[in-house]
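Open the model in your viewer and keep the selection tool at hand. Each stop below says what to select and what to look for there.

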Amino acid sequence: MKINETIEELLKAPEGEHYEFKEAKNKYDFHTTLKYCCALANCGGGKFVLGISDKRPRKVVGSNAFDQPERTKNGLMEKLQVRVDFQLYNHNSKRVLVFEIASRPIGLPVQVDGVAWSRKGDSLVPMSSKEMQRIFIEGGQDFSDEICKDATIKDLDKGAVEAFRKQWISKTGNKTLKTLSVEQLMIDCGAIINNEITYAALVLFGSKTALRKYLTQAEIIFEYRSKNSAGPAQQRVEFNIGFFACFDAIWDLVNLRNDKQHYQEGLFVLDVPTFNERVVREALLNAVSHRNYQMSGSIFVRQYRDRLVIENPGGFPSGVTTENILNIQSPRNRRIASILALCGLVERAGQGMNLIYELSIKDAKPLPDFSGTDDYFVFLTLNGIILDDRLLLMLKKIDSEKLESMITADLLIINSLFYEQKISKQIMGFKNIEININKLIDWGIIEVTGRNKYVLARSLYESTGKSGVHTRLVGLDKETNKELLLKHIKSNGKKGTPFNELQQVLPSHSRRQIQKLLIELRNENRIFVEGTTKNAKWYIS
């Protein structure tokens, strides 16, 4: 399956799991599209094609469905929690729209309305429990998927179960969930397998008695410390109960001492909380999904005046490092992660850390810090103090729809350029990063100053009264390069300088960029050219 196939290649595409063709001449239902795309993701990714008939020989019929494909793409990504791209074709004045759906994360099925959809021939069918089980174990042994032999349905906390039920109904709108018994609800979400209690069920729904008996290390300990010095905490609360029974309570404790920070936007003074609720909740969900429950030790949430530190037993999952953490999706406890995704607490399965990075940038705060992490513990520090409120003002000047559609790589590029940093290897390691860069250029958000050199657009600097910074970043670099060209032309004296030598002076620049600098020098009457094309030579005026 190619990334950008021609219409002819689509017409000849082989039958199978990776293509779905719909005529959709006038319109097509979004929810049905969602289910087909879910099935494509679960079979390893594929293409949903609108405007081409399904039966062979296939024909281009044209489709008017989804007249704003960018918005549809964003809706699919939000619901499916996987990467979605689209391609538009105009074939003999007939419109063809193709959505390209990425594969599901390793060890996690993609779900819509609580159902992991699959394909059987031309039909959509719910994925079988056997298929689900195969997906859960493909990333290695999953402790949360194992059975706690002595546990029974009585070991689950009713309040935790009802909190989950409420969240699942809110996510799906499925009111029939209200009528299910506790046991059936747990079976349907995968917490109970073959009438036996999984460790995922205990972690998420276990009573205090059950956790003390079967899984004491599943506790979460909150501490508030007003100072950095060692000693007893000002407040300490231990949660020895299923996660759904204490999730809100932990945030409430953090929010008790959540100071507001102020910044000026025109005549208005706006507030930004030190601790972003979504960031804190996502960090907690990550800790519960990724910790090693076979190791002793508890999850610690330590709050200070200006930062939050979450200590998680077990180190990073296999294959995950601080360098690739935004590109690798590998939850250690996949059954736990699946149940959290089912009820919408995990908005993008396996990408919780991406969301934390994105929201930190949008709040103009430092990026997440993993200092102190080793093979046995993960330390995640969320610094809450705004670094520079001008970044907040800049982001507000970007079209809201474009800002909302940005992914992690886009925001990391903007963040790096705002702080006058090079785009790091971590960012350049993102898949299709060139597409992201070109998109930001087309949107007028960044500008090119050289080969792999970029700055934020002048209009963004002007929005904060800092247009001089743009001039310094662009002008200094350009003038330096002009002086280098001038120096080399001068050193060649009367014999002149051919263009290929000037390319050696600025090897990181394209031919067009060097020509632009030479034209500026010529217009300034500092150099002149004799000859044309390959025989042209440049001289000092």
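The tour below walks through a predicted model, stop by stop.

**Stop 1: an aromatic cluster**

Start with Phe 164, in helix α5 (residues 158–172). Add Phe 205, which belongs to helix α7 (residues 199–205) and is 41 residues away in the chain. A search of the whole structure finds 16 aromatic pairs. How do the rings of Phe 164 and Phe 205 meet? Their centres are 5.3 Å apart and their planes stand at 70°, so the pair counts as edge-to-face. The cut-off behind that label is an angle over 60 degrees. Both residues are buried.

Now select Phe 244 as well. Phe 164 and Phe 244 also make an edge-to-face pair, with 5.3 Å from centre to centre and 75° between the planes. This pair again joins distant parts of the chain, as Phe 244 sits in helix α9 (residues 243–256), 80 residues from Phe 164. Phe 244 is buried, like Phe 164.

Widen the selection to Trp 168, Phe 243 and Phe 247. Together with Phe 164, Phe 205 and Phe 244, these residues are linked by ring pairs into a cluster.

**Stop 2: the nonpolar core**

Stay on Phe 164 and show its surroundings. Leaving out residues up to four places away in sequence, Phe 164 touches Leu 185, Met 186, Cys 189, Phe 205, Phe 244, Ile 339 and Cys 343. The largest nonpolar core has 131 residues, and Phe 164 is among those that touch the most other members, along with Leu 80, Met 186, Leu 204 and Phe 205. Helix α9 gives the most to this core, with eight residues. For the other core, apart from this one, select Leu 485, Leu 486, Phe 499 and Leu 517, which are among its 12 residues. In soluble globular proteins, nonpolar side chains tend to be buried together.

**Stop 3: helix α10**

Select residues 277–290, which make up helix α10. At 1.5 Å a residue, a helix of 14 residues should span 20 Å, and the end C-alpha atoms of α10 are indeed 20 Å apart. Is α10 enclosed or open to the outside? Of its 14 residues 11 are buried, so the helix is largely enclosed by the rest of the structure. The buried residues include Arg 281, Glu 282 and Asn 286, as well as Val 279, Leu 284 and Val 288.

Look next at the N-terminal end of α10, where Asn 276 acts as the cap. A side-chain oxygen of Asn 276 lies 2.9 Å from the backbone nitrogen of Arg 278.

**Stop 4: two buried charged residues**

Asn 276 leads to Lys 365, as the two are in contact. Lys 365 is in the loop between α12 (352–362) and β15 (377–383). Its relative accessible area is 5%, so Lys 365 is buried. Which backbone oxygen lies 2.7 Å from a polar atom of the Lys 365 side chain? That of Pro 273. Other residues that Lys 365 touches include Gln 261, Thr 274, Phe 275, Ser 360, Asn 383 and Ile 386.

Move to Arg 335, in helix α11 (residues 334–342). Arg 335 is buried, also with a relative accessible area of 5%. Its contacts beyond four places in sequence include Asp 142, Asp 145, Gln 133, Phe 136 and Thr 198.

**Stop 5: arginines over rings**

Select Arg 257 with Tyr 224. The charged end of Arg 257 sits over the Tyr 224 ring, 4.1 Å from the ring centre. Then select Arg 307 with Tyr 304, where the charged end of Arg 307 sits over the ring at 4.0 Å from its centre.

**Stop 6: backbone details**

Finish with the backbone. Arg 56 and Pro 57 are joined by a cis peptide bond, with omega about -5°. Pro 57 lies in the loop between β2 (46–50) and α3 (69–80). The loop between β2 and α3 also holds Phe 66. Phe 66 has a positive phi of about 55° although it is not a glycine, and at 13% relative accessibility it counts as buried.

The last selection is Asn 194, in the loop between β7 (192–193) and β8 (196–197). Asn 194 has a positive phi of about 50°, again without being a glycine. Is Asn 194 buried or exposed? At 68% relative accessibility, Asn 194 counts as exposed.

Definitions and conventions:
Residues numbered from 1 in each chain as written. Heavy atoms only, no water. Helix = DSSP H or I, 4+ residues; strand = E, 2+ residues; numbered from the N terminus. Expected span 1.5 Å × (residues − 1). Buried < 20%, exposed > 50% of the residue type's maximum accessible area, 1.4 Å probe, protein only. Polar contact = N/O pair within 3.5 Å; in protein donor to acceptor, adjacent residues only side chain to side chain. Phe/Tyr/Trp six-rings, centres within 6.5 Å; stacked < 30°, edge-to-face > 60°. Lys NZ or Arg CZ within 6 Å of the ring centre and 35° of its normal. Core = buried A, V, L, I, M, F, W, Y, C linked by side-chain atoms within 4.5 Å. Contact = heavy atoms within 4.5 Å.
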